[in-house]
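This briefing sets out selected features of the structure shown below. The points are grouped by topic.

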Amino acid sequence: MRLYLDTADRTAAENLLATALFTGVATNPTIPQRAELGGSAIPDIYRWATRAGSKEVFSQAWGEDPATLVRRGRELRSRGTEVVVKLAASRAGTQACAELAAEAVRSLERAARSAGTTDQDNAAVVATRSRATLVITVTPS
């Protein structure tokens, strides 16, 4: 099992990565915004996370259609070999994930959870079919 930090908090992430319990950092477009960093902070997060020992940095592609998701996934992956492209578990995300996987771009599909529901089983089936990787993320408090 691999654990990842779901955060844009550099200090918290660097301290937790130093424990060697976590494989890397996971982000999506809203995490930097909640940390008041803005969406343009994702390249900076990649830099400090890899310098702190993150073996993988999950960056989420955004868009409504497979072509946009694939284009953004390629852009994210161009940042470095540690990038794994995260996609929402949707029809468009599944198509984009399969296309990126065919290009040897590491990717995963993320199922959103809401109170009282669990989408992990459905996400596992979808991700397996599209050759994605499943992970567990931890949000530092």
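Strand S4, helix H5 and strand S5 form a right-handed β-α-β unit. The model is a predicted one. A right-handed β-α-β unit is likewise made by S3, H4 and S4, and another by S1, helix H1 and S2.

**Strand pairing**

- S4 and S5 run parallel and are joined by four bridges. Within this pairing, Ala88 has Arg110 of S5 as its bridge partner.
- S3 and S4 are also parallel, with four bridges between them. Here Phe58 is placed opposite Val84 of S4.
- Strand S4 is mostly covered, with five of its six residues buried.
- Strand S1, residues 3-6, pairs with strand S2, residues 24-26, in the parallel sense over three bridges. Asp6 has Ala26 of S2 as its bridge partner.

**Helix H4**

- Helix H4 comprises 12 residues, and the distance from its first C-alpha to its last is 16 Å. This span is close to the 16 Å expected at 1.5 Å a residue.
- Asp65 caps the N-terminal end of H4, where one of its side-chain oxygens lies 3.2 Å from the backbone nitrogen of Ala67.
- The buried residues of H4 are Thr68, Leu69, Val70, Arg72, Gly73 and Leu76. The elements that cover them include S3, strand S4 (83-88) and H5.

**Gly93 in helix H5**

- Gly93 belongs to helix H5, which spans residues 91-102.
- Gly93 counts as buried because its relative accessibility is 0%, and the cut-off for buried is under 20% relative accessible area.
- Leaving aside residues up to four places away in sequence, Gly93 touches Leu69, Leu87, Ala88 and Glu109. Of these contacts, Leu69 is among the buried residues of H4, and Ala88 is the bridge partner of Arg110 in S5.
- Asp65, the residue that caps the N-terminal end of H4, is 28 residues from Gly93 in sequence and 7.9 Å from Gly93 in space, C-alpha to C-alpha.

**Salt bridges**

- Six salt bridges are found in a search of the whole structure. The pairs described below are among them.
- Glu14 and Arg10 form a salt bridge in which the closest N and O atoms are 3.0 Å apart. Both residues lie in helix H1, four residues apart, which is about one turn of the helix.
- Glu14 is partly exposed at 28% relative accessible area, and Arg10 is partly exposed at 41%.
- Glu99 and Arg74 form a salt bridge with the closest N and O atoms 3.5 Å apart. This pair links distant parts of the chain, since Glu99 is in helix H5 and Arg74 is in helix H4, 25 residues apart.
- Glu99 counts as partly exposed at 37% relative accessibility, as does Arg74 at 40%.
- Arg74 also meets Glu103 in a salt bridge between their side chains, at 2.5 Å from N to O. Arg74 lies in helix H4 and Glu103 in the loop between H5 and strand S5 (107-110), so this pair ties together parts that are 29 residues apart in sequence.
- Glu103 is partly exposed, with 35% relative accessible area. Through salt bridges that share partners, Arg74, Glu99 and Glu103 are joined into one network.

**Ser54 in the loop between H3 and S3**

- Ser54 sits in the loop that runs between helix H3 (42-51) and strand S3 (56-60).
- Ser54 is buried because its relative accessible area is 4%, against a cut-off of under 20%.
- The side chain of Ser54 makes polar contacts with the backbone of Val25 and of Glu56. The backbone nitrogen of Val25 is reached at 3.3 Å, and the backbone oxygen of Glu56 is reached at 2.6 Å.
- Not counting residues up to four places away in sequence, Ser54 touches Leu17, Thr23, Gly24, Val25, Ala49 and Glu82. Among these, Gly24 and Val25 fall within strand S2, residues 24-26, and Leu17 falls within helix H1, residues 10-17.

Conventions: Residues are numbered from 1 along each chain as its sequence is written. This is a predicted model: local features need pLDDT of at least 70, side-chain atom pairs count only at pLDDT 80 or more; totals for chains, interfaces and linings use all residues. Side-chain values use heavy atoms; hydrogens and water are left out. Two strands pair if DSSP finds at least two bridges between them. Helices (H or I, at least four residues) and strands (E, at least two) are DSSP runs, numbered from the N terminus. A crossover is right-handed if, with the strands pointing away from the viewer, the path from the first strand over the helix to the second runs clockwise. Buried means under 20% relative accessible area, exposed over 50%, partly exposed in between (1.4 Å probe, protein chains only). Contact means heavy atoms within 4.5 Å. A salt bridge is a side-chain nitrogen of Lys or Arg within 4 Å of a carboxyl oxygen of Asp or Glu. A polar contact is a pair of N or O atoms within 3.5 Å; within protein, one must be able to donate a hydrogen and the other to accept it, and residues adjacent in sequence count only if both atoms are side-chain atoms. The expected span of a helix is 1.5 Å times one less than its number of residues.
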